[in-house]
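Please open the model in the viewer and display the backbone as a cartoon, with side chains available for selection. The tour proceeds through three stops.

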Amino acid sequence: MPAPKPAGRRSLLVTSAALLSLSVTAPTALAAPTPSTSPSATPPAQMSTLGGARLGMPGTQVNLAPGVPVLPKDVTARSWIVSDAESGEVLAAHNAHWRLPPASTLKMLFADTVLPRFPKGTRHKVAASDLKGVGVGSSVVGIKEGSSYSVHDLWLGVFLRSGNDAVHVLAAMNGGIEQTVQDMQDHAEELQALDTTVVSPDGYDAPGQVSSAYDLTLIARSGLQKKDFRDYCSTVSAKFGSTEIRNTNRLLSGDSDVPVYRGIAGVKNGNTTHAGATFTGVAERNGKVLLVTVMNPEKREHNEVYKETAKLFDWGFQAAGKVNPVGELVPPKSAAAGGAQPGASASASAGQAVGAGGSGAKPAASASAGSGSSGAGIALAVAGGLLVLLGGAAFLVNRRWPLPDLMRRRTRP
């Protein structure tokens, strides 16, 4: 059963004019009604404005200006977002808050919630009850009842093979599916991932289970602050028992029609009947770290979600430092309580908004998110799995992420 939503997330009916007039500094989100498992073909007229008013508008949001590269024209995903992982600036987005089935990208939230709770060396003997409820047709890593596995191996199964069986075993260790779902929902609330409703910890299709490109990016950004999370999501291949497993993230491991993306360092892919293909990726190039989330490309070619992600990464690396952001990734509640105000530095800089109909609109101008490299930013300290804001007005992931080192030591396919 899904965790109950707090009263603050109740659906609000507003007109489009009212939505566009909202201040980008508003700390609360406007949540659309929970959709069924199968989403509609078009985004709702009212979506959350968390992170900036532009992010609640349907269609593509980008500030076009001289020197800013044109977005790739053949991106067909229902929803996507390109953001700077360190500053939190959203460089461009398309239906960023559309609540859609997340598939196995939801495992990022599972990992960010549960991973800190068990030492890697802890071993667990699998009981039949641990594997109860694994969905028909699920991706599995091949866990056997009666066998004993280390927590380290179970996480390899989750990240590399997207093993729902590994998720269920770890959830059993965490007190069961119901407890884990509640823990994940609570953590989503803490991260301000307010578009997300958790029903199943593995992302298997379930009525009412939704997230958004914006939320999945928030979740990935939180997870990537944890070294173990970074190490697991960047691992190309590993031994699991007597077999070798390989990461199903094709930008990381490569495929016949998708080369390894230069600078890729994770994060997580997914694919189900109702969600289609989903993916959140992080890549580092020339000192810049970007996050891209792509949900459900309409084009059904092989590996299309990775191809579209690569195109958006390419655009993001070309546009970084040139394009004015259209919004920001907000801090967790605990960080905001320490001084940062959600949405306080969200940008809706004057520029061209490319809407669903392709017509331009002039948004209101406001301050852009701060940059850590300018000295105005703040570092995020992670201690005991808790996020602690040290001060300032913008939430930044620690700018000393070991992503370049991680890339150098990672075994190439």
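Helices here are DSSP runs of H or I with at least four residues, numbered from the N terminus. The model under inspection is predicted.

**First stop: the end of a helix.** Select S162, which comes just after α3 and takes a positive phi of about 50 degrees. Then extend the selection back over α3 itself, residues 151-161. Why is this helix described as largely enclosed by the rest of the structure? The reason is that 9 of its 11 residues are buried. The buried residues are V151, D153, L154, W155, L156, G157, V158, F159 and L160.

**Second stop: a loop that touches this helix.** Keep L156 and L160 displayed and add T235, which is in contact with both, as well as with N247 and L252, when neighbours within four places in sequence are left aside. T235 lies in the loop between α7 (227-233) and β6 (237-240). Now show the backbone of D231: its oxygen lies 2.7 Å from a polar atom of the T235 side chain. For a longer reference distance, select the C-alpha atoms of T235 and N249, which are 14 residues apart along the chain and separated by 9.9 Å.

**Third stop: a buried acidic residue.** Select D130, in the loop between β4 (123-125) and β5 (148-150). Which side chain of opposite charge is nearest to D130? That side chain is K125, 11 Å away, and D130, although buried, has no salt bridge. To view the surroundings of D130, add H124, K125, H168, V169 and A172, its contacts once neighbours within four places in sequence are left aside.

Methods
Residues are numbered from 1 along each chain as its sequence is written. This is a predicted model: local features need pLDDT of at least 70, side-chain atom pairs count only at pLDDT 80 or more; totals for chains, interfaces and linings use all residues. Side-chain values use heavy atoms; hydrogens and water are left out. Helices (H or I, at least four residues) and strands (E, at least two) are DSSP runs, numbered from the N terminus. Contact means heavy atoms within 4.5 Å. A polar contact is a pair of N or O atoms within 3.5 Å; within protein, one must be able to donate a hydrogen and the other to accept it, and residues adjacent in sequence count only if both atoms are side-chain atoms. Buried means under 20% relative accessible area, exposed over 50%, partly exposed in between (1.4 Å probe, protein chains only). Lys and Arg count as positive and Asp and Glu as negative; His and the chain ends are not counted. A salt bridge is a side-chain nitrogen of Lys or Arg within 4 Å of a carboxyl oxygen of Asp or Glu.
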